[in-house]
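Notebook open, structure about to be loaded. I want to look up a few surface patches, some side-chain contacts and the odd backbone angles.

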Amino acid sequence: STKETRVSTSPLKQQTHAHTMGKRSLRLANNQLDPVPKCGEPKFEEISRHLRANLPTKMKFFGRKPAQYFSGKKMIEFLEESNFYAKVEEDDGCLYGEAELKDVGLRLIHMRRIIRCEFYDKKIKKKDGSIKIRKELRPSEDWDEFDFSTDIPYVWSYDPVTQRTVLYGCMLLGSIAACVALPLWPAWIRNIVIGVLMFILVGRPLLWLIVYLVTFSRWNFYILPKLDEDACPFDKRFWPIWEFERSETASGGDADKKDDAEDSDDDDGDDDELSGDGKEDTAVEDADDGVGDEMD
């Protein structure tokens with residue numbers, strides 16, 4: 001008797017299911033891989049870290065969280081332009097030919113550092129009762145296709161410890177130690193720190209409110225506008241320092257029409273998005289911004 005397998009509708013559980021059901025195809029990938037990478041284990045780890053740190057990615061929702069994704073075609077093109085690739089056998093690069101570039105991608109899949117995904121339309125019910133269609137990513141079950149010459153999306157699950165991560169960790173520990181030693185600080189330093197914190201907590205929203213009222217809700221003035229964004233990396237939260245923009249209420253319903261047009265363009269252009277200029281797109285739409293219940 002055969003035992004029927006039930007697949008959860010949760011994207012994260014789908015990911016686990018896809019990995020489990022993909023063992024047969026991963027064995028197929030193993031048959032195409034040598035026990036040792038053609039470029040050597042140390043070089044392969046260096047290539048993996050280089051790809052993770054420098055390969056241009058874009059953002060899309062993967063489950064309930066934004067994730068960085070790229071296309072297999074872009075990864076091959078990126079490796080061909082890197083110092084790891086040798087255009088002729090006499091060059092210093094450790095990768096030569098399309099087969100060795102494909103070997104890197106297959107090994108990343110086998111080590112589960114990247115997840116093969118696909119786009120799908122997700123229906124979201126807004127608070128006003130309208131239905132919105134949004135493109136999202138989910139794990140693909142077509143594990144038998146290991147083609148890196150097309151625009152198939154892959155999501156990073158590999159997150160190595162970088163020098164930047166170590167630096168941030170040291171800064172965090174230093175900040176904690178400095179807070180513990182607060183009674184030992186000179187009075188003028190304590191006053192400066194307290195003043196900066198009070199400005200961030202109270203001064204920023206108060207300044208925005210003053211500009212908003214004086215201009216009769218036509219203009220917005222933000223200090224550190226990206227400081228509170230969830231999907232913004234830590235090193236980009238402090239730039240730009242200020243932002244002065246026209247309020248949506250100043251243009252009436254044109255802003256809503258513009259947003260709808262941008263959503264329509266985004267849904268139609270997801271395939272082109274993978275084959276674009278490769279610059280990082282951090283403008284991820286907030287799932288909770290004016291959105292009500294999700295629909296299956």
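First, my terms: buried means under 20% relative accessible area, exposed over 50%, and partly exposed in between, with a 1.4 Å probe and protein chains only. The areas come from Shrake-Rupley with that 1.4 Å probe, and for residues only the protein chains shown count as cover. The model is predicted, so I note that local features need pLDDT of at least 70 and side-chain atom pairs pLDDT 80 or more, while totals for chains, interfaces and linings use all residues. Numbering runs from 1 along each chain as its sequence is written, and side-chain values use heavy atoms, without hydrogens or water.

**Entry 1: helix α7.** I placed I210 in helix α7, residues 187-214 (helices are DSSP runs of H or I, at least four residues; strands are runs of E, at least two; both are numbered from the N terminus). I210 has a relative accessible area of 45%, so I log it as partly exposed. It belongs to a nonpolar surface patch of about 870 Å², with I194, M198, L201, V202, L206, L209, L213 and V214 as the other members. For patches, I take residues with over 30% relative accessible area and no salt bridge, joining nonpolar side chains (Val, Leu, Ile, Met, Phe, Trp, Tyr) within 5 Å and like charges within 9 Å. A salt bridge here is a Lys or Arg side-chain nitrogen within 4 Å of an Asp or Glu carboxyl oxygen.

R204 is in α7 too, but I find it buried at 13%. Its side chain reaches the backbone oxygen of I223 at 2.8 Å.

**Entry 2: a buried serine.** S140 is in the loop between β4 (131-139) and β5 (153-156). At 1% relative accessibility I count S140 as buried. Its side chain makes a 2.7 Å polar contact with that of R116 (N or O atoms within 3.5 Å; within protein one must be able to donate a hydrogen and the other to accept it, and sequence neighbours count only if both atoms are side-chain atoms).

**Entry 3: backbone oddities.** Most residues other than glycine have a negative phi, and most peptide bonds are trans. I still found R112 with phi near 60°, in the loop between α5 (98-110) and β3 (114-126). R112 is partly exposed at 36%. F216 has phi near 55° and sits in the loop between α7 and β6, where I log F216 as exposed at 67%. The peptide bond from W239 to P240 is cis, omega near 0°, and P240 is in the loop between β6 and β7.
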